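Please read the following note with the sequence and the three-dimensional view open side by side. It is written for a reader who is new to such material.

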Amino acid sequence: MTFEQFLILSLIHRFRGERSASAVYHLLKGKRTAQTIQDGFLYQVHVYFQTLKSLTRQEWQALMEDLSRSGRWILNDGNRCLLTEEGLQALEAARSRFELPTGLDGWFYGRAAEKIWSRLSLLVQTASHLIAKQPRFLPVVRDDATLRWIKGYLKAVGRDREALAAGLYNELVALCSRFPEREATLLSNRLSGSGMAGKTIDQMAVLLSRPETETLLWFQSGLHRTAKVLTAKQSASSFPLLSRLAKDIDAGLTASSAKTYELLKKGLGVEDIARLRRLKTATVQDHIVEIAFCDPEFSIRPFVNESAERLVKQVLKRTRTRRLSAIKQALPADIDYFHIRLVLARMNDRDDVGSDA
Amino acid sequence: MTTLEATLKERFGFEAFRPGQKEVIEDILKGHDVFCMLPTGSGKSLCYQLAGELLGGLVVIVSPLVSLMEDQVEALRLHGEKRAAALNSFLGREEKERLLRSLHECRFLYISPEMLQSERVRRALKRANVTLFVVDEAHCVSEWGYEFRPDYLKLGAIREDIGRPPCLAMTATADEKTRADIIARLGIAHCRLHLYGVDRPNIAIAVEKMDTGAEKLERLIELVTNLQSPGIVYFSSRKAAEAVHAVLRSRTKVRTAYYHAGMDAEERLLVQNQFFYDQLDVVCATTAFGMGINKANVRYVIHFHYPLYVNAYLQEIGRAGRDGKPSVAIALVAKEDHLLPERLIHREFPEVDRLPALIRSIRTAGSALDRAAAEAVLTEAGLSETAGRFLVETLSALDEEGRKPLHDVIRRIEKRIAERKAVKFRELSIMREWLETTGCRRQAMLRLFHEEKAGNAGDCCDACGLDLNVYRKPCAQGRETPLLDPWQKRLAKLFGCAAPAR
């Protein structure tokens, strides 16, 4: 079994035979649709969101053909895909050979991580060349917006090159020491500096004798951890230089939801916003669910009280089915879909949704 | 004209011009339209870059490939010219707007032909003070050539539209027929011609034939182990580049990496930079690699698959020996390789029986005029990038003439495909004939461009007699296998700390 097969089988297993194989594809690829993201939370696989962004349709088809050809591991009728008994055993057996990283959080931090990484890698490369007194170099990032952003950053920070390099070094050491060894190794070796270009995922995978895709996921896990640490509100004190890299990254909301969010921050309630914006209450609720799904720092408490949240979590844990209507029926009448969806957005692996993985 | 030399020294750090450069620059500065044919690796881009520094205003460079544009912008910035930018469809809307508003701060603007179709872009250019209109890879104008791009046909009219700035058409290789075609299409009948031969005398040429692919692989391992690095090995497919890279990695001590357009942007840049900083001995690559990479000391180029066209072959071997030192180009040919090129040509076009469905899917998603969207639809349908671009370009050209019934559109596209394939197969057969030459290979190559071989100083080709020992490494240096640094050590190295923390 290859690592890719291992990953796909793991995810098919998590979907419990209730989703098609393309649900796995959309998840890994990071398709931002209501269906994909709701599934992600329902089956607690949202951490894998967008982790294989560059996977092409053709590559996916080839992977699935390989898996389907023998017909031993999966049953796939197009609408539903599930593991056979043999597939389940093969998956269990493979767990000793492959290791999934523990820091992935693709839905919440994938987008931010990507942006933070391109800024971080350019900043480190710049600082490294500055202290080597080489102002000209081939940047690892070519996107003009990032180049300009770093220019502004250097001005705003206003430290001389020695102080900047020393500060970055100390903060990166502090950051990496919080991470698993392998992730720290991957992050640091991919960074470029004066006279040393970073290593590609493929090169690092070979040097670690691990599969390429597994290495890619571990690298991403390190990125997501980085984003999580640096976007946290209290990060500015421990990471004064690095936390700035996480500034002005938008949450990826649609324009209308962003407007609703602004009004919420001003203290307006659902009904007020609906009246003010001449929207249906249900639409504003949809916005709030979207905000909860996008911004991990957003508190759902004003909309769902603690006991309701606990009830919903219990039911999600107890019931096998992931059909929202069935879940609602198992709950008191005053808890509606709005509440369930909000709680869903706040589920994490610790409140494992009855998954047996 | 000592000012030219002074600028050359000051801005680019060179002591002297290479053949042709100065003459071209002088004619540009006099305000003439110029057609210039300079071989790859001879510093074509320096001509408009230096002229641009002296002309002032905005130099617009039309370039067919996004990666090429970005490489050129980077190269300019590396020389300290910050006023360079690239405008292509990969730019976000905001970025595009920002760039168009600040054109007056820009000295060199690289632009794709399709961006020039935009009314908004042309208006901005009309307002800007365009002092030179450069058409790079000008042979794309010609329908005779295998690299024909329909978008290039409009460049003549576009130049008129933005106020008829002087035009510089540049190409590395174009025969007489193609040259006439380019000049007519661009409307530069009174241009000054600067033609320099395609020959690169410091690159020795060899073709080695074997029976099987396995033999070829063994020979490659031998060559890569013994030849003086750095080098590039070219493949026709991404898969093959990756696979052979893996073999080289496990069976030799050379530092190798692979490179192709299917990798994400950061990975590609890392490989380019590793190669540039001599951290790699060899890159196993598709043709996507090397354009715009200004690495002077590439010592060999090996073709593991032969290119489909003589032009492409010249471009690729031209990446060796830019420093003028002896270098070698070796094409390895096995019998089974002959199946590949036909397949590749067919892949460059959509299959005829899928046309109705493909066109419908473009039209449901919007129209062919929104190119980025249309191309995305086609890629998702499994079309190759080239096939997608071909269909979108052809379709949008037809749509501009007015909406026609579907069957009519399909009939015309079918005809177009047949014509384009015929051109490509003709070019392919020329390449194959050349591989079969028994006489001097350089001579045979030059004759294709109606040139004669000048006296040869160094090694010429395997037919004339070639001693590959000249290109060997002085001794088989043992090199320690690279390892991943522990993170503490890596961070210390990045920030120039003498000792790792703790």
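The numbered points below treat the basis of the note, the two chains, their domains and the cysteines.

1. The structure is a predicted model, in which local features need pLDDT of at least 70 and side-chain atom pairs count only at pLDDT 80 or more, while totals for chains, interfaces and linings use all residues. Residues are numbered from 1 along each chain as its sequence is written, chains are lettered from A and ligands numbered from 1 in the order in which they are written, and side-chain values use heavy atoms, with hydrogens and water left out.

2. How many residues of chain A are in contact with chain B? There are 51 residues of chain A in contact with 47 residues of chain B, where contact means heavy atoms within 4.5 Å. The size of an interface is often given as the accessible area lost when the parts come together. Between chain A and chain B the buried area is about 4400 Å², and carbon and sulfur atoms give 56% of this area. Buried area here is the accessible area (1.4 Å probe) that two parts lose on being put together, summed over both. On the side of chain A, the residues that lose the most area to chain B are L138(A), R142(A) and Y169(A), together 18% of what that side buries.

3. Chain A and chain B are also joined by 6 salt bridges. A salt bridge is a side-chain nitrogen of Lys or Arg within 4 Å of a carboxyl oxygen of Asp or Glu. One salt bridge is formed by D144(A) with R77(B), with 3.2 Å between the closest N and O atoms. The interface of the two chains further has 17 residue pairs in polar contact, both residues being at pLDDT 80 or more. A polar contact is a pair of N or O atoms within 3.5 Å; within protein, one must be able to donate a hydrogen and the other to accept it, and residues adjacent in sequence count only if both atoms are side-chain atoms.

4. The domain assignment divides chain A into domain 1 (3-94), domain 2 (106-246) and domain 3 (255-351); such bounds come from an automatic or database domain assignment. The C-alpha centres of domain 1 and domain 3 of chain A are 27 Å apart. Their contact involves 11 residues of domain 1 of chain A and 13 residues of domain 3 of chain A. These two domains bury about 1100 Å² between them, 55% of it on carbon and sulfur atoms. The count of salt bridges between them is 0, and the count of residue pairs in polar contact (both at pLDDT 80 or more) is also 0.

5. For chain B, the assignment gives domain 1 (2-195), domain 2 (203-341) and domain 3 (348-428). Domain 1 and domain 3 of chain B have C-alpha centres 28 Å apart. Their contact takes 11 residues from domain 1 of chain B and 10 residues from domain 3 of chain B. About 1000 Å² is buried between these two domains, with 39% from carbon and sulfur atoms. The count of salt bridges between them is 2. In chain B, E393(B) forms a salt bridge with R149(B), the closest N and O atoms being 3.1 Å apart.

6. How many disulfides does the structure hold? The count over all chains is 0, a disulfide being a pair of cysteine sulfur atoms within 2.5 Å. The sulfur of C47(B) is too far for a bond because its closest cysteine sulfur, in C36(B), is 5.1 Å away. The sulfur of C440(B) is likewise too far for a bond, because the closest cysteine sulfur, in C464(B), lies at 3.6 Å.
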